[in-house]
2 protein chains.
Amino acid sequence: MAQARGNTRQRIQDVALELFAEQGYEKTSLREIAERLDVTKAALYYHFKTKEDIIIGIFQDLARPIDELVAWAAEQPRTLETKKEILRRYHSALTDAAPLFRFMHENQATVRDLSIGLTFKERFVALNEFIQDPAAPIKDKVRAVSAIFALHAGTFFMQNIEGDPEEKQEAVLEVALDLIEQAEQAKQAKQA
Amino acid sequence: MAQARGNTRQRIQDVALELFAEQGYEKTSLREIAERLDVTKAALYYHFKTKEDIIIGIFQDLARPIDELVAWAAEQPRTLETKKEILRRYHSALTDAAPLFRFMHENQATVRDLSIGLTFKERFVALNEFIQDPAAPIKDKVRAVSAIFALHAGTFFMQNIEGDPEEKQEAVLEVALDLIEQAEQAKQAKQA
DNA sequence: GTCTATATACCGATAGAC
DNA sequence: GTCTATCGGTATATAGAC
């Protein structure tokens, strides 16, 4: 009774994500999760039907911000400012749920065929379409994709670079915004 | 005897990489690899001491170009042209061994603690250091990391964008080169 | 809601014949 | 160099008591 009553489900998800992120999904057994919580494997099965259900639950809770972003983006005019705002919001979502996205990033092979409606990658593709201009030259399309990828790079790989974390995050966002601006500049130059 | 004699080891590696890339390392069993080759599991153990040895063998064969690139880079002056050449060669290595790098990318959690001397990520970090200027402002450091990441984006995510594959690959490299040039421009402006 | 106990299945790995 | 047979271990998942 170290903890309160109705939160076992949540605690399972918390511990599971921690272990999944640390060791990978397959290498983490239910026994391990149960031990960390001081319960038995059987107890987990009261809260989740399968192991997959655990990760699906985590995913759905934390991926909601991305879905909201996709929904929001669908209603906006396709201006440069909209695209920049998409990148800002995506950057923010990535930062808020960093452990989850780190897990998704490092376990794509596992996550790929979970019984989830949309995968991480599909959401990525959806966002990508909003910031792409179908008529743009290939190089500008690459710039747009790279803008999103730069945000990922910032979230997952910037630990290898020294500097104040907040300052780094800001720089990452700036580079992404620069890229999308460059992608649009060529278009405007063409129209002029 | 559908195939020749001394190539069984190679055939195991080929099939294994194919399955590992498709389903992930953990979800691919030795039984599955053996079945695909029409041999038994025990036969695999004649050629490889463990399952891990199979992936390590694949990795070492195909990662050698990266190691050579790192070694080459260490001997070059740290000019802009060197950095651009590093990106060109890395892009080329990525393209040549795309299935392996795709596997590495999607199975980082698994690959992380294999008994390999250097991980994929460590090589990435090494290359990153060669194209970084320690004195540069954070934003330029981010640009440099993003240049490498753009190459990865190109190798793994560009399938979602229509266009001629070769043209796309060229555009990817151009964007990466642009990023490293931008990172250096600020520095030169500062010196002037 | 959590427990003990167990079913069932598959995995990686080895021994030893051919 | 490949086979048959099997060992030992662990995994997910379930049945049923409390």
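Which atom of DNA strand C lies 2.9 Å from a backbone N or O atom of Lys51(B)? To find out, select Lys51(B) together with DNA strand C: the partner is a phosphate oxygen of the strand. Please note that this model is predicted.

**First stop: contacts with DNA strand C**

Keep the strand displayed and select Arg31(B). An N or O atom in the side chain of Arg31(B) is 3.2 Å from a phosphate oxygen of DNA strand C. Next, select Lys41(B), where a side-chain N or O atom is 3.1 Å from a base nitrogen of the strand.

**Second stop: the surface near the strand**

Now display the 17 residues that surround DNA strand C. The closest are Thr40(A), Tyr46(A), His47(A), Tyr45(B) and Lys51(B). Of the strand's atoms that come within 4 Å of the protein, 59% belong to sugar and phosphate. Colour the helices next: α3 (41-47) of chain A, and α2 (30-37) and α3 (41-47) of chain B, each supply at least two residues of this surface. The largest share, four residues, comes from α3(A). By class, the surface divides into seven nonpolar, six polar and four charged residues.

**Third stop: the largest cavity**

Turn next to the cavities, of which the whole structure has six of 30 Å³ or more. The largest has a volume of about 70 Å³. To locate this cavity, select its lining: His105(A), Gln108(A), Phe120(A), Lys121(A), Phe124(A), Phe149(A), His152(A), His105(B) and Phe157(B). The elements giving two or more residues to this lining are α8 (120-131) and α9 (138-157) of chain A. Select α8(A) to see the largest share, three residues. The lining has four nonpolar, four polar and one charged residues.

Key:
Residues numbered from 1 in each chain as written. Chains lettered and ligands numbered in written order. Predicted model: local features only at pLDDT ≥ 70, side-chain atom pairs only at ≥ 80, totals over all residues. Heavy atoms only, no water. 1 Å grid on protein atoms, 1.4 Å probe; cavity = no way out; pocket = protein on both sides within 12 Å on 5 of 7 lines; lining within 4 Å. Points joined across faces, edges and corners; volume = space filled by probe spheres on them. Nonpolar A, V, L, I, M, F, W, Y, C, P; charged D, E, K, R; others polar. Near = heavy atom within 4 Å. Polar contact = N/O pair within 3.5 Å; in protein donor to acceptor, adjacent residues only side chain to side chain.
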